[in-house]
Amino acid sequence: MKADVLLGLQWGDEGKGKVVDVLTTSYDVIARFQGGPNAGHSLEFNNIKHVLHTIPSGVFHKDKINIIGNGVVIDPIIFASEIEALTKMGVSLEATLKISKKAHLILPSHRELDAASEASKGKAKIGSTLKGIGPTYMDKTGRNGLRIGDIIRVDFYERYNSLKNKHKDILKQYNYNSNIEQHEEAWFKGIEVIKRFELIDSEVEINQLLNKGKRFLAEGAQGSLLDIDFGSYPYVTSSNTVCAGACTGLGIAPSRIGEVLGIFKAYCTRVGSGPFPTEQENATGEEMRKIGVEFGATTGRPRRCGWLDLVALKYAIMLNGVTALIMTKADVLDSFDSIMIATAYKVNGKITNTMPFEIDVPIEPIYKEFKGWKSDITNLKNESELPILLLEYIKFIESETGVPITIVSVGPSRDATIIRK
Ligand code: GDP
Ligand code: IMO
Ligand code: MG
């Protein structure tokens with residue numbers, strides 16, 4: 001069996017949590033492969049809204065295996081609070097959630113380093129979620145990190161202190177007013193919560209599950225335009241969010257990747273700093289934010305909003321080898337008279353349809369205008385009910401990208417989902 005991958009094609013928050021929850025019925029195993037509590041994946045069913053940060057979005061379905069892969073970074077405090085919230089909802093995961101021994105730990109001092117680094121950058125700050133993601137991946141690649149498998153070692157506490165003290169020295173150079181000890185009690189309690197779960201050699205178990213024919217879905221976090229290599233560097237996250245990240249973040253060979261499901265919003269959003277060529281810093285953007293409730297699921301920050309960007313979308317499709325597209329939040333555009341799609345950029349007077357290396361030059365999008373469908377699509381259940389003007393919008397994207405849009409999401413809840421043939 002091959003592993004399917006679902007990942008975001010924009011700057012995150014495309015609706016991955018909702019769609020993974022919908023698709024989980026067709027899979028046996030759901031696994032996260034990168035990122036950490038910078039992610040906020042929202043799910044909605046039976047009028048319950050829930051946001052997951054570290055835990056895969058398959059957890060609301062009984063008898064599914066959920067795996068946190070080696071490529072993920074885990075903050076025990078946030079993990080424990082997620083488990084507590086799920087337990088209160090009657091979801092018990094001790095038997096079904098497994099954690100890779102090779103996943104790295106976010107220490108309280110990593111969070112302080114994130115904050116200190118951002119403060120030192122002033123106006124050039126990344127707009128990090130301040131969850132300690134960058135510093136934790138830096139320690140991973142710098143070969144200093146602490147991993148989940150280390151928590152059962154007898155010298156874990158010494159290892160923890162040694163890394164914390166290294167961080168304290170760096171924090172002094174930043175003149176950062178450190179308060180690490182305040183969070184340590186909760187952090188070590190979180191470590192005890194993690195110990196209640198099965199800690200596994202995930203790469204081995206995952207390949208065994210695939211050998212046994214289990215249907216496997218890898219759930220991406222963030223989006224392709226936040227990828228450490230291919231995003232708008234340095235305004236990116238610190239992991240490979242593209243499909244290749246599923247191979248390194250789970251220990252799956254590239255030849256074992258099956259379908260690549262690329263998810264995008266019918267428009268675009270971005271939280272944090274960095275280029276956003278189709279951004280609408282005007283009444284149009286405000287309208288998108290208001291109707292789409294575009295506020296961060298992790299930080300609550302207002303999301304920047306703008307039109308769909310085909311240059312960026314095609315780039316993301318190329319990087320990931322997307323085999324099927326999923327479009328979310330078309331319903332947010334229900335009341336718009338006209339809707340734009342950027343089909344090319346004008347950079348330094350030249351028209352281009354590839355992503356420029358330089359991100360500090362002005363990029364002028366070239367738009368194609370579409371007439372709005374001006375009807376409420378939130379209660380539609382079948383493709384045949386979709387307004388013709390929305391179908392035109394969909395068909396244009398399909399013909400430009402060469403990839404079929406197989407799912408159209410028309411609302412936040414599980415049942416607001418149209419599967420196309
Ligand atoms: P993720 O990080 O990709 O999982 O996305 P988020 O959960 O951060 O943000 C997506 C937001 O849009 C959430 O509030 C979802 O409940 C909501 N959402 C998902 N799909 C749809 C949709 O088709 N229409 C509308 N209106 N909201 C949606
Ligand atoms: P999900 O999985 C949207 C953004 C931050 C910031 C940059 C770096 O919910 O789609 P980091 O904390 O990773 O160092 O922040 O990346 N960012 C996200 N934006 N959705 C996310 O996750 C994000 N995770 C990080 O806003 O610009
Ligand atoms: Mg999100």
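**Figure 1. Surroundings of ligand 1 in the predicted model.** The side chain of Lys49 places an N or O atom 3.3 Å from an oxygen atom of ligand 1. For Lys329, the corresponding separation between a side-chain N or O atom and an oxygen atom of ligand 1 is 3.0 Å. The side chain of Ser409 also takes part, with an N or O atom 2.5 Å from an oxygen atom of ligand 1. Of the 580 Å² of accessible area that ligand 1 has on its own, the protein covers 94%. In total, 20 residues surround ligand 1, and the closest are Lys16, Gly40, Ser42, Asp331 and Ser409.

**Figure 2. Polar contacts of ligand 2 with His41, Thr129 and Val271.** An N or O atom in the His41 side chain lies 2.7 Å from an oxygen atom of ligand 2. Thr129 contributes a polar side-chain atom at 2.5 Å from an oxygen atom of ligand 2. Val271 makes its contact through the backbone: a polar backbone atom of this residue is 3.1 Å from an oxygen atom of ligand 2. Ligand 2 on its own has 550 Å² of accessible area, of which the protein covers 97%.

**Figure 3. The residue shell around ligand 2.** The shell consists of 21 residues, the closest being Asp13, Lys16, His41, Thr129 and Thr237. Sorted by class, the shell comprises eight nonpolar, 10 polar and three charged residues. Two of the closest residues, His41 and Thr129, also supply side-chain atoms to polar contacts with ligand 2, at 2.7 Å and 2.5 Å respectively. Lys16 is listed among the closest residues to ligand 2 and also among the closest to ligand 1.

**Figure 4. Helix α1, residues 16-23.** Eight of the eight residues of helix α1 are buried, so the helix is largely enclosed by the rest of the structure. The buried residues of α1 are Lys16, Gly17, Lys18, Val19, Val20, Asp21, Val22 and Leu23. Lys16, a buried residue of α1, is also one of the closest residues to ligand 1 and to ligand 2.

**Figure 5. A nonpolar surface patch formed by Ile170, Tyr174 and Tyr176.** Together, Ile170, Tyr174 and Tyr176 present about 240 Å² of accessible area. Tyr174 is located in the loop between α5 (156-173) and α6 (184-195). The relative accessible area of Tyr174 is 35%, so this residue is classed as partly exposed. Tyr174 qualifies for the patch because its value of 35% is over the 30% cut-off for patch residues.

Technical notes. Residues numbered from 1 in each chain as written. Chains lettered and ligands numbered in written order. Predicted model: local features only at pLDDT ≥ 70, side-chain atom pairs only at ≥ 80, totals over all residues. Heavy atoms only, no water. Patch = residues over 30% accessible without salt bridge, like charges linked within 9 Å, V, L, I, M, F, W, Y side chains within 5 Å. Areas by Shrake-Rupley, 256 points an atom, 1.4 Å probe, with all protein chains shown as cover. Salt bridge = Lys/Arg side-chain N within 4 Å of Asp/Glu carboxyl O. Helix = DSSP H or I, 4+ residues; strand = E, 2+ residues; numbered from the N terminus. Buried < 20%, exposed > 50% of the residue type's maximum accessible area, 1.4 Å probe, protein only. Near = heavy atom within 4 Å. Polar contact = N/O pair within 3.5 Å; in protein donor to acceptor, adjacent residues only side chain to side chain. Nonpolar A, V, L, I, M, F, W, Y, C, P; charged D, E, K, R; others polar.
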